[in-house]
Structures are given as C-alpha cells and as structure tokens.
Amino acid sequence: MSVLKSLESKIAGVVEGTFSRVFRSEVRPVEIARKLAREMEEHQSVSLSRVYVPNEYRVFLSPRDRERFITYEDALAGELGAYLLEHAHRERFALLSAPVIQFETDDRLGLGQFGIATRVVDADELPAAPAREEFGREAPREEFGQTMVFGSAEPVEEPRRAQEPRRSRRASLLHNGHRIVVGSQGATIGRSRECELVVDDANVSRKHAELSPRGGAWVLTDLGSTNGTRLNGGRIERPEPLEPGDRIEVGASVITFDLD
C-alpha cells in the first residue's frame, strides 16, 4: 500500500466512515497532503551540510470547506503532520521540529479551493514539538512565504500575500488518437471516471498520475500508483517537468504531452 493510500485509510478511520460522503465534492484531505509535500519540496533552505524544509504549515480553507471537517480538524492535522514527517525522512530533508499543521478560514476562497503558506520556525515556538535533539539547528527562521492556492473552484483573489502565478501555455494529451486539452488547473490520469483522462487499463490505478501547472511550466506527478509512472522510459520518483513530445507511460498505455 502506498503512503498516500495508507494516509487516506487512516483519515477514513478518523471521520468514522463518513470520509467519502463528507469530502465527495469539496477539498479532499489526501489532495491537501499531496500539495503540502509539494510545498515542502519547493521551499528548501540549503546549509553547508543539510537541506532544511519548513516545519510550520498554514492551510487556508473556504468557510464551507472548513465547516465540513472542523470536528475532525485536530486528528486530521496530526495525520497530515505525520505524513509530512515521513516524507521528509524519505527525502532526507532536515527539520527544526516535527511538522505542525494549522487550519484557517479565508472568505476569499471558493468551495474546493485551499491555500498553503509555509515557514521555518524555531521548535520552541511550536506547541507540543518533539525534543530539538531529534532535529537540526542550523536553519534560519523565516516569515511565512507566499500562499499557494489549489483547487478546482472559480478563480478568486488569493489569500494573504499570495502572488499571481505566471500563465502556463495550454497543454494537451494525445491518447489512442484522441487529443484532450488540459484545463488551467491541471488534469489527473487514471481508471476512475473522475479523472480528466480515463485510461481503461487494469495496470493503471484509479487515480494514477497528475499534470499540474507550476511557475509557467507543467509538471507530472505520480499519485502513489501501484505500478508507477514512467516519463520517456524512466520511472519518476518526484514531480518532473514536461516538454512537448514527452511520452507518459501508465500501465501499458502511452500518452503524449504537447503544448499549444
């Protein structure tokens, strides 16, 4: 079982069987986990001997989304923090403390959207943090960086100090002779009918891989699939940038990426 699938199972237990009902059309906790891990990777601070990553994360939610799971907020924050700690260990990142997740409401976000802001903060400033001896001590303290906004709702003004991202070129995917235009928020690939590109292949996971815009470019991310995702013949282990003509392989299927 992949780390993300294991996390989803734990969260399902936290909300006592109501997981699929509560999060069917709003923000999904596993999607928050994926984006938290991405933000951890994007905000590295390199010292002489270590690569530090943020240990404090603020997740901004629309009022309706937060209301949906505020009863489970503490347990959810704990599971997400444990996932980030495992991710940091796996990637050999250094932390000043175990990751702490805080939820906040932002009225400017629409249903299904959420924002994430990160910073490196001294362990003494975090509640219930593990002993400092378990973590590094050389990283500089920071203010919260820009807030990244994710989700499929209509665009709104970004919360806090978020900046307008550069516009990405329109992407498309060619599969079995059919071309699919990728929306501005990206697309998922998999067997599930909820995916933008549905691949009828028993070797493909329900939600197998994801294309998403980043800094004016497009990146490919494996979503913890059973059989992995390959790009131009090589299996990907982390988000990889895409170029026109790149071949994405999921199961026995080949998908070609292109830009207009």
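The dialogue below works through this predicted model, from its overall make-up to its sheets and its charged pairs.

Q: How many helices and strands are there in the protein, and what share of its residues count as buried?

A: The protein has five helices and 17 strands, and of its 260 residues 49% count as buried. Its exposed surface comes to about 13400 Å², of which carbon and sulfur atoms supply 44%. As for the contacts between residues at least 6 apart in sequence, 62% of them join residues at least 24 apart.

Q: Which order do the strands take in the open sheet of six, and which strands lie at the edge?

A: To read a sheet, one follows the order of its strands and then the sense of each pairing. Here the order is 8-7-17-16-13-14, and the pairing is antiparallel. Strand 8 (178–181) and strand 14 (234–235) are the edge strands, each of which pairs on one side only. Strand 14 is joined by two bridges to strand 13 (residues 229–231), the two running antiparallel, and Arg235 in strand 14 is the bridge partner of Arg230.

Q: What joins strand 17 to strand 7 and to strand 16?

A: Strand 7 (residues 171–175) is joined to strand 17 by four bridges, in the antiparallel sense, and Ser172 has Asp258 of strand 17 as its bridge partner. Strand 16 (residues 247–250) also pairs with strand 17 over four bridges, antiparallel, with Val250 standing opposite Ser253. The hairpin of strand 16 and strand 17 has two residues between the strands, and in it Gly251 takes a positive phi near 60°.

Q: Which residues of strand 17 form its covered face, and which form the uncovered one?

A: The two faces of a strand are read by sorting its residues according to cover. In strand 17 (residues 253–259), Ser253, Ile255, Phe257 and Leu259 make up the covered face, whereas Val254, Thr256 and Asp258 make up the uncovered one. Two of the bridge positions named above can be placed in this way: Ser253, which stands opposite Val250, belongs to the covered face, while Asp258, the partner of Ser172, belongs to the uncovered face.

Q: How is the open sheet of five strands ordered, and what packs on the sheet?

A: The five strands follow the order 10-9-11-12-15, and their pairing is mixed. At the edges are strand 10 (197–198) and strand 15 (240–241), each pairing on one side only. Helix 3 (residues 29–42) packs on this sheet, where it touches strand 11 (209–214) and strand 12 (217–222), and the direction of the helix makes about 50° with that of strand 11. One parallel pairing in the sheet is that of strand 9 (residues 187–190) with strand 10, which are joined by two bridges; Gly190 stands opposite Val198 in strand 10.

Q: Is Pro29, in helix 3, buried or exposed?

A: Pro29 lies in helix 3 and counts as buried because its relative accessibility is 1%, which is under the 20% cut-off. The C-alpha atoms of Pro29 and Leu76 are separated by 7.9 Å, although their positions lie 47 residues apart along the chain.

Q: Which salt bridge links helix 3 to strand 11, and are its residues buried or exposed?

A: A charged pair is read through its N–O distance, its place in the chain and its accessibility. Arg38 forms a salt bridge with Glu210, the closest N and O atoms being 3.3 Å apart; the pair links distant parts of the chain, with Arg38 in helix 3, Glu210 in strand 11, and these positions 172 residues apart. Arg38 is buried, with a relative accessible area of 8%, and Glu210 is buried as well, at 9%.

Q: Where does the salt bridge of Lys207 and Glu194 lie, and how many salt bridges are counted?

A: The count comes to twelve salt bridges. In the pair of Lys207 and Glu194 the closest N and O atoms are 3.3 Å apart; Lys207 is in the loop between strand 10 and strand 11, and Glu194 is in the loop between strand 9 and strand 10. Lys207 is partly exposed, with a relative accessible area of 31%, whereas Glu194 counts as exposed at 58%. Salt bridges that share partners also join Glu31, Arg34, Lys35, Arg38 and Glu210 into one network.

Q: What polar contact does the side chain of Glu56 make?

A: The side chain of Glu56, a residue in strand 3 (residues 56–61), makes a polar contact of 2.9 Å with the side chain of Arg119. Glu56 counts as buried, at 4% relative accessibility.

Note on methods. Residues numbered from 1 in each chain as written. Predicted model: local features only at pLDDT ≥ 70, side-chain atom pairs only at ≥ 80, totals over all residues. Heavy atoms only, no water. Pairing = 2+ DSSP bridges. Contact = heavy atoms within 4.5 Å. Axes fitted to C-alpha atoms, helices over the stretch in contact; angles between N-to-C directions. Buried < 20%, exposed > 50% of the residue type's maximum accessible area, 1.4 Å probe, protein only. Polar contact = N/O pair within 3.5 Å; in protein donor to acceptor, adjacent residues only side chain to side chain. Areas by Shrake-Rupley, 256 points an atom, 1.4 Å probe, with all protein chains shown as cover. Salt bridge = Lys/Arg side-chain N within 4 Å of Asp/Glu carboxyl O.
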